[in-house]
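Here are some notes to read alongside the sequence and the model. They go through the helices, then the contacts and the charged pairs.

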Amino acid sequence: MDKPMNRIKEVLEEKGIKQTWLAEKLGKSFCIVNSYVCNRRQPSLEVLFEIAEILDVNVKDLIKN
């Protein structure tokens, strides 16, 4: 079974937002945010909702089916 992949990278690219900016807003290291963006690790639901709020998107837009 494949783990769910997130679409954070796509949403950042669509909005022209840099990972460093998102890391700053989340109060997390670039390294952690980069691992979310590259799908090496998945953010907790709490963090996913926070990312959605920061990027002004529906949380569903950050998840691939």
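1. H2 and H3. The crossing of H2 and H3 is right-handed. Helix H2 covers residues 19-26 and helix H3 residues 30-37, and they pack at an angle of about 115 degrees with their axes 9 Å apart. On the H2 side the contact is made by Gln19, Thr20, Leu22, Ala23 and Leu26, and on the H3 side by Phe30, Val33, Asn34 and Val37. By class, this contact of H2 with H3 holds 6 nonpolar and 3 polar residues, and no charged ones. Please keep in mind throughout that this is a predicted model.

2. H2 and H4. H2 also packs with H4, at an angle of about 115 degrees and with the axes 11 Å apart. This crossing of H2 and H4 is right-handed. Trp21, Leu22, Lys25 and Leu26 of H2 meet Val47, Glu50, Ile51, Ile54 and Leu55 of H4. The contact of H2 with H4 has 7 nonpolar residues, 2 charged residues and no polar ones. Leu22 and Leu26 appear in the contact of H2 with H3 and in the contact of H2 with H4.

3. The two sides of H4. Which residues of H4 are buried? They are Val47, Leu48, Ile51, Ala52 and Leu55. Seen down the axis of H4, these buried residues fall within an arc of 145 degrees, so they line one face of the helix. An α-helix has 3.6 residues a turn, so residues three or four places apart point the same way. The face of H4 turned away from the buried side carries the exposed residues Glu46 and Glu53. H1, H2 and H3 are among what covers the buried residues of H4.

4. The two sides of H1. The buried residues in H1 are Ile8, Val11 and Leu12. They cover an arc of only 100 degrees around the axis, which puts them on the same side of H1. Glu13 and Glu14 are exposed on the other side of H1. The buried residues of H1 pack against H2, H3 and H4.

5. Salt bridges. How many salt bridges are there in the model? The count comes to 2. Side chains of opposite charge can pair when their charged atoms come close. In one pair, Glu14 is bridged to Arg7, with the closest N and O atoms 3.1 Å apart. Glu14 is exposed, with a relative accessible area of 60%, whereas Arg7 is partly exposed at 21%. In the other pair, Glu10 is bridged to Lys64, and the closest N and O atoms are 3.3 Å apart. Glu10 lies in helix H1 (residues 8-15) and Lys64 in the segment after helix H4 (45-55), so this pair ties together parts that are 54 residues apart in sequence. Both partners are partly exposed: Glu10 has a relative accessible area of 26% and Lys64 one of 35%.

6. Met5 and its contacts. Met5 is found in the segment before H1. With a relative accessibility of 38%, Met5 counts as partly exposed. Leaving aside neighbours within four places in sequence, Met5 is in contact with Asn39, Gln42, Ile63 and Lys64. Met5 and Lys64 are 59 residues apart in sequence, but their C-alpha atoms are 5.7 Å apart in space. Lys64 is also the partner of Glu10 in a salt bridge.

7. Positive phi values. Three residues deserve a look at the backbone. Gly16, just after H1, takes a positive phi of about 65 degrees. Asn39 has a positive phi near 60 degrees and is a residue other than glycine. Asn39 is found in the loop between H3 and H4, and at 10% relative accessibility it counts as buried. Asp56 has a positive phi of about 60 degrees although it is not a glycine. Asp56 follows H4. Is Asp56 buried or exposed? Asp56 is exposed, with a relative accessible area of 65%.

Note on methods
Residues numbered from 1 in each chain as written. Predicted model: local features only at pLDDT ≥ 70, side-chain atom pairs only at ≥ 80, totals over all residues. Heavy atoms only, no water. Salt bridge = Lys/Arg side-chain N within 4 Å of Asp/Glu carboxyl O. Buried < 20%, exposed > 50% of the residue type's maximum accessible area, 1.4 Å probe, protein only. Helix = DSSP H or I, 4+ residues; strand = E, 2+ residues; numbered from the N terminus. Axes fitted to C-alpha atoms, helices over the stretch in contact; angles between N-to-C directions. Left-handed = near helix turned anticlockwise from the far one by under 90°. Contact = heavy atoms within 4.5 Å. Nonpolar A, V, L, I, M, F, W, Y, C, P; charged D, E, K, R; others polar. Arc of directions from axis to C-beta.
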